[in-house]
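Reader: I'd like to learn how to read a protein model feature by feature. Could you walk me through one, giving the general idea and then the case at hand?

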Amino acid sequence: MASYRYTRNITPQDERPPEPPAPPKGRKKWENFWFYHKWHILAALGVALLAVFLLRDIGSRVEPDYVIGVITVDEAVPSGAFTPLEEALAPLADDRNGDGQTVVEVLEYDFTSEDPTMVMANSTRLVGDVQTGESSFYLVDDLAAAQARFGGMFANNDGEALDEEATDVSGVGVAWSACPPLAQLELGDVQTMMGASMGPLQQLLDGYTLVRRAPLEKADEDTQAYLDAGTALFEALTAGAGR
């Protein structure tokens, strides 16, 4: 027990526990909250903004009526070189999905890069394309090399899939330059990354071949309808080629 000499001057008020400090109010309360939670708030805002941008992009994206894959395995071409094809081919296609506009999308698969990461990324994209039936047909710069590398994804002009080990592609596909609807298109010049001209896009496409894709083993009704429409477009674009 504490000695009386030490407790004689202590009053009942002195023995009460100290009262907790009053909670902050107004600006001080907000400053405290911000100090302890600012990173959580900023992270949540970042996620919310990303979601808004993604939803806006999805909502504003127009579904293409046709997708055409361009496969480059021989000579490097600047990224985006084939974009003019989207606008040029639209008048030759139809409004397949009935949304009031005809849209053709071009997907570029470049396998000329020395960067293995880029090649792997394009390989992954192309595998997805083949498995889902994304592209209606393909434009290929070196069909023999592409067949040797991606055997099994192409079909002959009758629609029959080429064997994976097939090496004879002499009767497969139709040369771009042999297709009257295509050879007369105004496509402008190919531009380098620095803006310099590499010559007419028509001249570049002169060495490309239109090739039908191999049929999908399993396709739902909508996918098959899309592929059938792609076959009809292929036939229309290659009409008069004298196959």
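**Reading the model step by step**

Author: Gladly! Of the 243 residues of the chain, 33% count as buried. Keep in mind that this is a predicted model. Its secondary structure comes to eight helices and eight strands.

Reader: What share of the contacts with a separation of 6 or more comes from residues 24 or more positions apart?

Author: Such residues account for 70% of those contacts in the chain. As for the surface, the chain exposes about 15700 Å², and carbon and sulfur atoms supply 55% of that area.

Reader: Let's take a helix. What span should the 17 residues of α4 have, and what do the end C-alpha atoms show?

Author: The idea is to compare an expected span with the one in the model. At 1.5 Å a residue, helix α4 (residues 116–132) should span 24 Å, and its end C-alpha atoms are 24 Å apart, which agrees.

Reader: Which residues of α4 are buried?

Author: Here the cut-off helps: buried means under 20% relative accessible area, and exposed means over 50%. In α4, Val-119, Asn-122, Leu-126 and Asp-129 are buried. These four cover an arc of only 85 degrees around the axis, which puts them on the same side of α4. On the other side of α4, the exposed residues are Pro-116, Thr-117, Met-120, Thr-124 and Gln-131.

Reader: What do the buried residues of α4 pack against?

Author: Their partners are β1 (66–72), β2 (104–110), β3, α5 and β8 (209–213).

Reader: And the ends of the helix? Which residue caps the N-terminal end of α4?

Author: That is Asp-115: one of its side-chain oxygens lies 3.0 Å from the backbone nitrogen of Thr-117. After α4 comes Gly-133, with a positive phi near 75 degrees.

Reader: Now a single residue. Where does Asp-141 lie, and is Asp-141 buried or exposed?

Author: Asp-141 sits in the loop between β3 (137–140) and α5 (143–150). With a relative accessible area of 13%, Asp-141 is buried.

Reader: Which residues are in contact with Asp-141, leaving aside its neighbours within four places in sequence?

Author: Ile-71, Thr-72, Val-73, Asp-74, Glu-75, Gly-207 and Tyr-208. A polar atom of the Asp-141 side chain lies 3.0 Å from the backbone nitrogen of Val-73. Sequence and space can also be set side by side: Asp-141 and Leu-204 are 63 residues apart in sequence, and their C-alpha atoms are 9.1 Å apart.

Reader: I'm curious about the rings too. How many aromatic pairs does the structure hold?

Author: A pair of aromatic rings is described by the distance of the centres and the angle of the planes. The structure holds four aromatic pairs. One of them is Phe-82 with Tyr-208, an edge-to-face pair at 5.6 Å centre to centre, with 65 degrees between the planes. Phe-82 lies in the loop between β1 and α3 (84–89) and Tyr-208 in the loop between α7 (201–205) and β8, so the pair ties together parts that are 126 residues apart in sequence. Phe-82 counts as buried at 2% relative accessibility, and Tyr-208 is buried with a relative accessible area of 3%.

Reader: How far apart are the ring centres of Phe-111 and Phe-150?

Author: They are 4.8 Å apart, and the planes are at 50 degrees, so this pair is tilted. It links distant parts of the chain: Phe-111 is in the loop between β2 and α4, and Phe-150 is in helix α5, 39 residues apart. Both Phe-111 and Phe-150 are buried.

Key:
Residues are numbered from 1 along each chain as its sequence is written. This is a predicted model: local features need pLDDT of at least 70, side-chain atom pairs count only at pLDDT 80 or more; totals for chains, interfaces and linings use all residues. Side-chain values use heavy atoms; hydrogens and water are left out. Helices (H or I, at least four residues) and strands (E, at least two) are DSSP runs, numbered from the N terminus. Buried means under 20% relative accessible area, exposed over 50%, partly exposed in between (1.4 Å probe, protein chains only). Contact means heavy atoms within 4.5 Å. A polar contact is a pair of N or O atoms within 3.5 Å; within protein, one must be able to donate a hydrogen and the other to accept it, and residues adjacent in sequence count only if both atoms are side-chain atoms. The expected span of a helix is 1.5 Å times one less than its number of residues. The arc is that of the directions from the helix axis to the C-beta atoms. Rings of Phe, Tyr and Trp (its six-membered ring) pair if their centres lie within 6.5 Å; planes under 30 degrees apart count as stacked, over 60 as edge-to-face and the rest as tilted. Accessible areas come from the Shrake-Rupley method with a 1.4 Å probe; for residues, only the protein chains shown count as cover.
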